[in-house]
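Here are some notes for your review. They start with the aromatic residues and then move outward to the helices and the sheet.

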Amino acid sequence: MQEITSVILDKKQIAHKIKRIAYQIYETNVEEKEVVVAGITGNGFILAEKIKVEVEKISPIKVLLCEVLIDKKNPAEPLETTLKKENYANKSLLLVDDVLHSGTTLIYGVKHFLEVPLKQFKTAVLVDRNHKKYPIKADFKGISLSTSLNENVSVIFEKGNDRAILE
């Protein structure tokens, strides 16, 4: 049996979604001088880097980038970040991942950042699958997609050929 894949977001659409998310971040943080954008390791961090570029293009806000090193197979294990807690304490923080499926990775990421006081805490994803098993939502999302549980959404970041596919 051959797997059928379809492109749900192409390079141009992804760029547009990232730009729209950047504007939402700016609107939400218009009074801030600095915002922390924390990307879940892998595609979440790549997406965070792309968001940082767009936010800094359209606003005077300085974006402090942080990678969230989480074991996606064992998300309950203690996670690490590339920033020390004092670097993001009392700041506006955005946690970013590429796809929100069950919410497991995002909720354990949220749990980590709740150990310090934050001015504001938001989440962003490129694709929201609507199959959550945890009470977590994306404040900013590129696209919401109702899929069956046996379908898989993959975001592929390749130079000149970014895309999100449904398998």
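1. This is a predicted model. Tyr 88, Phe 113 and Phe 121 make up one aromatic cluster. The structure has three aromatic pairs. In one of them, Tyr 88 and Phe 113 meet edge-to-face, at 4.9 Å centre to centre and 70° between the planes. Tyr 88 sits in helix α3 and Phe 113 in helix α4, so this pair links parts 25 residues apart in sequence.

2. Phe 113 also pairs with Phe 121. That contact is edge-to-face too, with 6.1 Å between centres and 85° between planes.

3. How buried or exposed are these rings? Tyr 88 and Phe 113 are both buried. Phe 113 has a relative accessible area of 0%. Phe 121 is at 22%; buried means under 20%, so Phe 121 counts as partly exposed.

4. Helix α4 (residues 104-113) is mostly covered, with eight of its ten residues buried. Among them are Leu 106, Ile 107, Val 110 and Phe 113. The buried residues pack against β2, β3, β4, α3 (85-88), β5 and β6. The helix lies across β2, β3, β4, β5 and β6 and runs at about 165° to β5.

5. The sheet is open and mixed, with six strands in the order β4-β3-β2-β5-β6-β7. Its edges are β4 (80-81) and β7 (140-144), each paired on one side only. Helix α1 (residues 11-28) packs on this sheet, touching β5 (92-100), β6 (120-128) and β7. The directions of α1 and β7 make about 150°.

6. Strands β2 (residues 34-40) and β3 (residues 62-69) pair in the parallel sense over seven bridges. Ala 38 stands opposite Cys 66 in β3.

Methods: Residues numbered from 1 in each chain as written. Predicted model: local features only at pLDDT ≥ 70, side-chain atom pairs only at ≥ 80, totals over all residues. Heavy atoms only, no water. Pairing = 2+ DSSP bridges. Helix = DSSP H or I, 4+ residues; strand = E, 2+ residues; numbered from the N terminus. Contact = heavy atoms within 4.5 Å. Axes fitted to C-alpha atoms, helices over the stretch in contact; angles between N-to-C directions. Buried < 20%, exposed > 50% of the residue type's maximum accessible area, 1.4 Å probe, protein only. Phe/Tyr/Trp six-rings, centres within 6.5 Å; stacked < 30°, edge-to-face > 60°.
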